[in-house]
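Subject: Structure handover

Hello,

Here is the structure you were expecting. My notes on what turned up in it follow below.

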Amino acid sequence: MLTVHHLGISQSDRIVWLCEELGLPYDLVRYDRDAVTRLAPADYRALTPFGTAPVITDGDLTLGESAAIIDYIVARYADGRLTVGKDAPNFTDYLYWFHFANGSFMPTMMTDLIVKMVGDGAIPDLAKVLASRGARAYAQIEQRLGETIYFAGPEFTAADIMMLFPLTTGRMFVPRDLAPFPNIRAYLQRIGARPAFQTAMAKADPDLAPMLT
């Protein structure tokens, strides 16, 4: 049986959502963050060598990393659903946005967080460069969602599951006003209306209202 080890308020909600979209049977084990440090508890960190969320177990397999887990579940259980075939014209769009989420967007957000914690006065020139990366990321996302209703094209895919976290829960850590981004706001409303998303969020973080505005 596939088990999703979900750390509260973390990227592991992606995996719960994926399972709900696919209608897969799975066990959900929830872990609360440390009340003082807000970090993962020791038993969660012990699941994988790197000690971060998400983590799944499937029989004898233990696997971390969002993209790796999604690739594994889709390849093993999805029968071609939520992906784009290599011969499709939007195949590279799917690849790009699937990997942009954690390859560029999340690191940019984490860098913004660190700069805010350190104070941009210490490294003003670098802070401006790093801040411009965040602005470019949001501008690119806004443009993409003005061209098509989902990141890979006209159909919902795993690229959307990867991209949603930094646009929603990620803003708890790195706030961003979405008022200038009508396409992003409309996209978040479309996602929020999906029954599988609603079920997943209710299971993964029942006390956390999804940040869809």
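Which residues form a nonpolar patch on the surface? They are Met110, Met172 and Phe173, and together they have about 250 Å² of accessible area. Please keep in mind that this is a predicted model. Phe173 sits in the loop between helix H6 (158-167) and helix H7 (182-192). Its relative accessibility is 37%, so Phe173 counts as partly exposed.

Met110 also turns up in the largest pocket, where Gln11, Arg33, Thr52, Met106 and Met110 are the lining residues that lie nearest the centre. The pocket has a volume of about 710 Å³ and a lining of 23 residues. Helix H4 (residues 91-118) supplies the largest share of that lining, five residues. Sorted by class, the lining has twelve nonpolar, seven polar and four charged residues.

Next, the salt bridges. The count comes to eight. Side chains of opposite charge can pair when their charged atoms come close.

Glu20 and Lys203 are one such pair, with an N to O distance of 2.7 Å. Glu20 is in helix H1 (residues 13-22) and Lys203 in helix H8 (residues 195-204), so this bridge ties together parts that are 183 residues apart in sequence. Glu20 counts as buried because its relative accessibility is 19%, under the 20% cut-off. Lys203, at 39%, counts as partly exposed.

Arg76 pairs with Asp58, and their closest N and O atoms are 3.8 Å apart. Here the bridge ties helix H3, which holds Arg76, to strand S3 (residues 55-58), which holds Asp58; these parts are 18 residues apart in sequence. Arg76 is exposed, at 53% relative accessible area, whereas Asp58 is buried, at 11%.

A third bridge joins Arg144 and Asp93, the closest N and O atoms being 3.7 Å apart. Arg144 belongs to helix H5 (residues 124-147) and Asp93 to helix H4, so the pair ties together parts that are 51 residues apart in sequence. Arg144 is buried, with a relative accessible area of 12%, and Asp93 is partly exposed, with 27%. Elsewhere, Arg30, Asp32 and Asp205 are joined into one network by salt bridges that share partners.

One last item concerns Leu82, which is found in the loop between helix H3 (66-77) and H4. Leu82 is buried, with a relative accessible area of 13%. How far apart in space are Leu82 and Glu155? They are 8.4 Å apart, C-alpha to C-alpha, while in sequence 73 residues separate them.

Regards

Note on methods:
Residues are numbered from 1 along each chain as its sequence is written. This is a predicted model: local features need pLDDT of at least 70, side-chain atom pairs count only at pLDDT 80 or more; totals for chains, interfaces and linings use all residues. Side-chain values use heavy atoms; hydrogens and water are left out. On a 1 Å grid over the protein atoms alone, a cavity is a set of points where a 1.4 Å probe fits but cannot get out, and a pocket is an open set with protein on both sides within 12 Å along at least five of seven lines; lining residues have an atom within 4 Å of a point. Grid points are joined across faces, edges and corners, and a volume is the space filled by probe spheres set on the points. Helices (H or I, at least four residues) and strands (E, at least two) are DSSP runs, numbered from the N terminus. Ala, Val, Leu, Ile, Met, Phe, Trp, Tyr, Cys and Pro count as nonpolar, Asp, Glu, Lys and Arg as charged, and the others, Gly among them, as polar. Patches are made of residues with over 30% relative accessible area and no salt bridge: like charges are joined within 9 Å, nonpolar side chains (Val, Leu, Ile, Met, Phe, Trp, Tyr) within 5 Å. Accessible areas come from the Shrake-Rupley method with a 1.4 Å probe; for residues, only the protein chains shown count as cover. A salt bridge is a side-chain nitrogen of Lys or Arg within 4 Å of a carboxyl oxygen of Asp or Glu. Buried means under 20% relative accessible area, exposed over 50%, partly exposed in between (1.4 Å probe, protein chains only).
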